[in-house]
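Good morning, and thank you for coming. I would like to take you through one protein chain, beginning with the model on the screen.

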Amino acid sequence: ARSGGSGAMTWYAAAMSLRADEMALTSRWRKSTCIEDILYLHSDHLMSLQLHNGKLISASADHTIRVTDVSGTSLREQANNFASSGAKSLSTGGALFVPRHSVTLTGHGDQVMHAHACDAGGGEDVLASCSADGTVGIWSLGESPVLLRLWPKMEAYCVQLDPTRLICGGEGTRPIAMYCTRSQTTSLLLRTGLTVDLPCSA
């Protein structure tokens with residue numbers, strides 16, 4: 001495999017280097033040495049996670065969304081203080097570790113299936129969420145996060161948000177709904193690939 005001149009030797013050396021890197025990374029993951037921080041932010045299953053502008057967006061089956069600042073070293077210092085105090089973590093029957101810079105969003109009546117945040121411009125972050133209760137919510141993530149709007153009977157299992165569109169996906173063969181905030185219309189992206197614009201009645 002190493003015959004064929006210096007070019008072949010270069011490729012062989014590169015392949016061996018990549019293989020060594022892969023084995024080292026695999027070993028680190030198996031030993032859990034890649035894990036930087038372990039957080040227990042919810043009292044039930046996690047449904048989705050997103051890192052956005054230094055914040056961890058977590059949606060949970062406990063009906064809530066948490067927005068946690070994970071930038072800098074403050075979070076690690078708090079976690080270390082929590083651990084050194086002798087307090088047990090939630091996984092061992094103890095208390096829930098709640099960072100100082102963590103905000104809980106409530107408003108859904110059932111498990112939150114998915115949450116997605118984006119930059120809306122002007123330094124403002126907004127977040128979309130969907131719940132097993134059929135609702136879809138839009139939140140402002142300012143200094144005091146607030147629920148801006150809650151749509152009923154959307155029956156979405158996942159959401160995607162950008163400054164001009166909210167896209168919701170349902171279960172099975174249900175169509176994907178795209179709400180355009182500028183034109184105030186809702187598009188149903190059908191399985192056939194056709195798009196039908198509907199007036200937004202919500």
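**Strands, hairpins and two cores**

Let us begin with a single residue, Ser131, which belongs to strand E6, residues 124–131. Is Ser131 buried or exposed? Ser131 counts as buried because its relative accessible area is 1%, and the cut-off for buried is under 20%. Beyond its neighbours within four places in sequence, Ser131 is in contact with His108, Gly109, Asp110, Gln111, Val112, Met113 and Ala156. Its side chain also forms a polar contact of 3.1 Å with the side chain of Asp133.

Before going further, I should state that this is a predicted model. The average pLDDT of the protein chain is 75, and 69% of the residues score at least 70. Over residues 184–202, however, pLDDT stays under 50. Where pLDDT is low, the predicted coordinates should not be read in detail. For residues 184–202 the model has 39 contacts beyond four places in sequence, and I shall leave that stretch aside.

Now to the chain as a whole. How many helices and strands does the protein chain have? There are two helices and 13 strands. The chain has 202 residues, and 31% of them count as buried. Its accessible surface comes to about 12,400 Å², with 54% of that area belonging to carbon and sulfur atoms. If we take the contacts between residues at least 6 apart in sequence, 37% of them join residues at least 24 apart.

Let us return to E6 and look at its partner. Strand E5 covers residues 112–121, and seven of its 10 residues are buried. E5 and E6 pair in the antiparallel sense over eight bridges. As one example of facing residues, Asp119 stands opposite Asp125 in E6. Two residues lie between the strands of this hairpin, and Gly122 takes a positive phi near 70 degrees there.

A second hairpin may be set beside it. Strand E1, residues 46–52, pairs with strand E2, residues 55–60, in the antiparallel sense over six bridges. Which residue of E2 is the bridge partner of Leu51? The partner is Leu56. The hairpin of E1 and E2 also has two residues between the strands, and here Asn53 takes a positive phi near 50 degrees.

E6 contains another serine for us to consider, Ser129. Ser129 is buried because its relative accessibility is 0%. Its side chain makes a polar contact of 2.7 Å with the side chain of His108. Not counting neighbours within four places in sequence, the contacts of Ser129 include Ile65, Val112, His114, Ala115, Val136, Trp139 and Val159. Ser129 and Tyr157 are 28 residues apart along the chain, and their C-alpha atoms are separated by 9.2 Å.

We now come to the nonpolar cores. Which residues of the largest core touch the most other members? Among its 14 residues, they are Val136, Val159, Leu161 and Leu166. At least two residues of this core come from each of E5, E6, strand E7 (136–140), strand E9 (158–161) and strand E10 (165–169). The largest share, three residues, is supplied by E6. There is also a second, separate core of 11 residues, which includes Ala59, Val112, Ala117 and Trp139.

Leu166 deserves a separate look. With residues up to four places away in sequence left out, Leu166 touches Ala128, Val136, Ile138, Trp151, Val159, Gln160, Leu161, Ala177, Met178 and Tyr179.

Two further residues complete the tour. Ser140 lies in strand E7. It counts as buried because its relative accessibility is 13%, against a cut-off of under 20%. Outside the four places on either side in sequence, Ser140 touches Glu124, Asp125, Pro145, Val146 and Leu148.

Arg149 is found in strand E8, residues 146–151. Why is Arg149 called partly exposed? Its relative accessible area is 30%, and partly exposed is the class between under 20% and over 50%. The C-alpha atoms of Arg149 and Val136 are separated by 8.3 Å, with their positions 13 residues apart along the chain counted as sequence distance.

To close, I would ask you to find E6 once more on the screen. E6 pairs with E5, holds the buried serine Ser129, and gives three residues to the largest core. Thank you for your attention.

How values were computed: Residues numbered from 1 in each chain as written. Predicted model: local features only at pLDDT ≥ 70, side-chain atom pairs only at ≥ 80, totals over all residues. Heavy atoms only, no water. Helix = DSSP H or I, 4+ residues; strand = E, 2+ residues; numbered from the N terminus. Buried < 20%, exposed > 50% of the residue type's maximum accessible area, 1.4 Å probe, protein only. Contact = heavy atoms within 4.5 Å. Areas by Shrake-Rupley, 256 points an atom, 1.4 Å probe, with all protein chains shown as cover. Polar contact = N/O pair within 3.5 Å; in protein donor to acceptor, adjacent residues only side chain to side chain. pLDDT = per-residue confidence, 0-100. Pairing = 2+ DSSP bridges. Core = buried A, V, L, I, M, F, W, Y, C linked by side-chain atoms within 4.5 Å.
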